[in-house]
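The following exercises concern one structural model and are each followed by a worked solution. Please attempt each task before reading its solution.

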Amino acid sequence: MPTITAHSICKSYHTNHYTVKAVDHVDFTVSGNESVAIVGPSGSGKSTLLNMLGMILPPDEGSLQIDGQDITLLGDRKKSAFRNHTFGYVVQDFALLDDETVYSNIRLPLLYNKVIRRSEHRKRIYHAAEALGISDKLRRKAGKLSGGERQRVAIARSIVCDQPIILADEPTGSLDADNKENVMTILMRLCKEENKMVIIVTHDMDVAKQCDRIVSMRDGKII
Ligand SMILES: Nc1ncnc2c1ncn2[C@@H]1O[C@H](COP(=O)(O)OP(=O)(O)OP(=O)(O)O)[C@@H](O)[C@H]1O
Ligand SMILES: [Mg+2]
């Protein structure tokens with residue numbers, strides 16, 4: 001079972017004119033197949049916290065253990081391999097390659113995965129696309145999709161390597177009610193049936209209420 005233990009982590013952003021304390025001494029523990037929603041106003045530090053938990057941003061201070069391993073001590077190469085094997089990530093702006101097909105976009109994390117064989121890629125991509133109802137879009141360029149379709153591609157990409165932890169930043173942000181429900185059904189099924197940990201940043205209380213636990217942030221702190 002996966003575990004994440006953050007103790008007193010902090011992150012500030014510095015610009016020429018000001019410093020923003022985006023995450024301010026946060027303690028956060030999740031384990032097993034728990035689902036957690038992180039909610040809070042815009043600018044309260046939700047994405048920054050998620051990016052630290054997912055090893056995309058290093059904390060300035062504090063300790064972060066994932067599966068008992070202090071990840072701040074890992075070198076760059078070990079860190080990226082660990083990240084790739086541990087987290088499926090749905091980023092807030094989807095970060096799709098618009099000139100590439102849906103197939104290639106979903107394939108991206110597989111190219112960084114040293115364990116899954118190339119001969120398995122196709123099957124996994126089809127499986128992930130089917131789970132999100134976008135099998136008929138695999139040959140389409142990502143730039144030619146609607147917002148909701150793009151969101152589903154981003155989620156398919158996050159599950160294609162079958163990692164134990166799914167981190168999702170506003171995964172239902174641009175979806176209509178039906179698609180929102182579909183996405184939540186998929187995320188909750190991954191959590192309860194496939195024992196994945198799911199951490200979702202959301203503004204949407206309907207989404208948050210489906211999770212086992214809701215954590216609220218304000219001004220960089222958990223309240
Ligand atoms: N790259 C950056 N440089 C400077 N400041 C930043 C940067 N990224 C975020 N911030 C600031 O840090 C604070 C927290 O940002 P963050 O993106 O974590 O908030 P959020 O809760 O995810 O907001 P939203 O709901 O709008 O996505 C905000 O005040 C934001 O303006
Ligand atoms: Mg955000």
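**Exercise 1.** Identify the polar contacts that ligand 1 makes with Thr48, with Ser42 and with Ser44, and describe the surroundings of the ligand in this predicted model.

*Solution.*
Step 1. Begin with Thr48: a polar atom of its side chain is 2.6 Å from an oxygen atom of ligand 1.
Step 2. Turn to the two serines. The side chain of Ser42 places an N or O atom 2.5 Å from an oxygen atom of the ligand, whereas Ser44 has a polar backbone atom at 3.2 Å from an oxygen atom of ligand 1.
Step 3. Consider the cover. On its own, ligand 1 has 640 Å² of accessible area, and the protein covers 65% of it.
Step 4. Assign the shell to elements. Two or more residues each come from E2 and from helix H1 (46-53); H1 supplies the largest share, 3 residues.
Step 5. Complete the list of neighbours. The ligand is surrounded by 13 residues, the closest being Ser42, Gly43, Lys46, Ser47 and Thr48.

**Exercise 2.** Determine whether Gln151 is buried or exposed, and compile its contacts beyond four places in sequence. Then treat Gly147 in the same helix, H5.

*Solution.*
Step 1. Gln151 belongs to helix H5, which spans residues 147-159.
Step 2. The relative accessibility of Gln151 is 1%, so the residue is classed as buried, the limit being under 20%.
Step 3. Beyond four places in sequence, Gln151 is in contact with Phe94 and with a run of residues comprising Glu170, Pro171, Thr172, Gly173, Ser174 and Leu175.
Step 4. Gly147 is also a residue of helix H5. Its relative accessibility is 33%, and Gly147 is therefore partly exposed.
Step 5. With the same sequence exclusion, Gly147 touches Phe94 and Ser174. Its C-alpha atom is 7.4 Å from that of Leu175, although the two residues are 28 positions apart along the chain.

**Exercise 3.** Which class of accessibility applies to His121, and which side chain is its polar partner?

*Solution.*
Step 1. Locate the residue: His121 lies in helix H4, residues 121-131.
Step 2. A relative accessible area of 3% makes His121 buried.
Step 3. The polar partner is Arg107, whose side chain is in polar contact with that of His121 at 3.1 Å.
Step 4. Arg107 also appears among the residues that His121 touches beyond four places in sequence, together with Leu110, Leu111 and Ile116.

**Exercise 4.** Examine the positive phi values of His25 and Met55, and state where each residue is placed.

*Solution.*
Step 1. His25 is not a glycine, yet its phi is positive, about 50°. The residue is part of strand E2.
Step 2. With a relative accessibility of 40%, His25 is partly exposed.
Step 3. Met55, likewise a residue other than glycine, has a positive phi near 65°. Met55 is situated in the loop between H1 and strand E4 (61-66).
Step 4. Met55 has a relative accessibility of 4% and is therefore buried.

**Exercise 5.** Characterise the nonpolar surface patch that contains Tyr18.

*Solution.*
Step 1. Tyr18 occupies the loop between strand E1 (3-14) and strand E2 (19-31).
Step 2. Its relative accessible area is 49%, so Tyr18 is partly exposed; the class of exposed residues begins over 50%.
Step 3. Tyr18 forms the patch together with Tyr13 and Val20, and their joint accessible area is about 280 Å².

Conventions. Residues numbered from 1 in each chain as written. Chains lettered and ligands numbered in written order. Predicted model: local features only at pLDDT ≥ 70, side-chain atom pairs only at ≥ 80, totals over all residues. Heavy atoms only, no water. Patch = residues over 30% accessible without salt bridge, like charges linked within 9 Å, V, L, I, M, F, W, Y side chains within 5 Å. Areas by Shrake-Rupley, 256 points an atom, 1.4 Å probe, with all protein chains shown as cover. Salt bridge = Lys/Arg side-chain N within 4 Å of Asp/Glu carboxyl O. Helix = DSSP H or I, 4+ residues; strand = E, 2+ residues; numbered from the N terminus. Buried < 20%, exposed > 50% of the residue type's maximum accessible area, 1.4 Å probe, protein only. Contact = heavy atoms within 4.5 Å. Near = heavy atom within 4 Å. Polar contact = N/O pair within 3.5 Å; in protein donor to acceptor, adjacent residues only side chain to side chain.
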